[in-house]
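Opening my notebook on a structure I have not looked at before. I want to see how its charged side chains pair up and what sits in its interior.

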Amino acid sequence: RGQVGRMSHEYTGAPTFSGAMHKLNKEVTRAGQKLSSDDTFRGFMDKAQGAMAFEPLKKAVVKATSLEHGPPKEKHVQFLMHEMRDANIRDIFEEVFLRLHNKDATIVLKSIMVFHRLLGGAPPSYKLFDRIYASRGEFRLSRFLDETTHESMQASRMVQSYAMFMEEKIEMHHDVRFPYERNTEDAARHVADISPEQLMQDVKSIMSLLDVGYKCSFREVSTVHPTSIAAFSLIFKDMRILYHALNKGVLRLLENYFEMPKMVASKILALYKNFLDHAKKVSKMFDDAHELLGQEKIDLNPPPESFLEALVAYLDQEDYQPSQTVRQTQDDVQNVPVIQLADLIGDMAAQEEPVLKPTQDFMDSLFGDLPDSTPATVTAAPA
């Protein structure tokens, strides 16, 4: 003890490289018997990477995107969200982008999920939209393939479609300069405030993102990776709010349809016809959510066919005047709620399935877990 004092060595409890390597060497022999499969070896190396990361941001990203099946652990996501408040957005996103280059489908899929969550939690700004837009190429993963297992191959297809969804989402944010998918009430207010010309452009962008989102469903697939279900839950949360915003936008454009110049009305009619197609596709996605997530079934009832016929007649007939019935239908369309979204899914934390872990996870005991430094004021997963 005196010798340690004279050498001025003080134990602080902080992890050191030599200490981690000592523990690693001590356990690697025992670990050898557990490295019989490629998945186990990947897990070993992934946890070793997290152990060697001394920067809290890097450690949190590695742990949030671990090989464990299911959604990213909430405490790691919340830690990263809290760190984003301290202007670490660029550093955090760069660490996440590095994980997108991994060869394991679970890691890449969870990396997209972490980015999805962080993008939804970052304060919206033009600077953020431009910064993320410059990095959209990171999500060009159309050729990604992990052939380790049948589940990994299904997760690979989910990676491809999910990455396309995020790339299109980044494009939409850059074009419309508003995160429609974040909050239903904010989106409804924004739809009511912007000009009809801008609203028509926004509606087109929302439809483009919805089209990509439909490709992320996989209800009829025989083999499903557990992490794919967690990813679908996040996508579905976006899709239902986007559809709600689309509905509000189309209804607002139809408010004065029969008084509009016919050139403008023809553009709105085209959007309305596309909207009817989206209603059918979204209805199927709600069915998928019922099967995959156990969500309540919701029937989307479109306006009567006679209403569409009246919209077409206004363009075809020179002196067309809508009947009282058509006017009443137009009022009904404006006043009928589209979807009761409150508490439809709730927080992601409530949706997480328990992940079965080995009874003796020597790597966790070896390197420990990320300190829970998230303040008590940080809320649960964003809506």
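**Ground rules.** I count a salt bridge when a side-chain nitrogen of Lys or Arg is within 4 Å of a carboxyl oxygen of Asp or Glu. What I have is a predicted model, so local features need pLDDT of at least 70 and side-chain atom pairs count only at pLDDT 80 or more, while totals for chains, interfaces and linings use all residues. Residues are numbered from 1 along each chain as its sequence is written, and side-chain values use heavy atoms, with hydrogens and water left out.

**Entry 1, charged pairs.** I looked up the total by this rule and got 11 salt bridges. One of them joins R177 to D130, with the closest N and O atoms 3.0 Å apart. These two sit in distant parts of the chain, 47 residues apart: R177 is in the loop between α9 (150-176) and α10 (184-193), and D130 is in helix α8 (residues 126-133). My helices are DSSP runs (H or I, at least four residues), numbered from the N terminus.

Are R177 and D130 buried or exposed? Neither, by my cut-offs: buried is under 20% relative accessible area, exposed is over 50%, and partly exposed is in between (1.4 Å probe, protein chains only). R177 comes out partly exposed at 26%, and D130 is partly exposed too, at 34%.

**Entry 2, the K169 network.** Next I checked K169, and found a salt bridge to E181 at 3.5 Å, N to O. K169 is in helix α9 and E181 in the loop between α9 and α10, so the pair ties together parts 12 residues apart in sequence. K169 is buried at 1% relative accessibility, and E181 is buried at 3%.

K169 also forms a salt bridge with D238, where the closest N and O atoms are 2.7 Å apart. D238 lies in helix α12 (residues 226-254), so this pair with K169 of α9 ties together parts 69 residues apart. D238 is buried as well. I noted K169, E181 and D238 as one network of salt bridges.

**Entry 3, the sides of α8.** Back to the helix that holds D130. Which residues of α8 are buried? I found L128, F129 and I132. They cover an arc of only 100° around the axis (taken from the directions from the helix axis to the C-beta atoms), which puts them on the same side of α8. On the other side, Y126 and K127 are exposed. The cover over the buried residues of α8 includes α6 (89-99), α7 (105-121) and α9.

Notes
Contact means heavy atoms within 4.5 Å.
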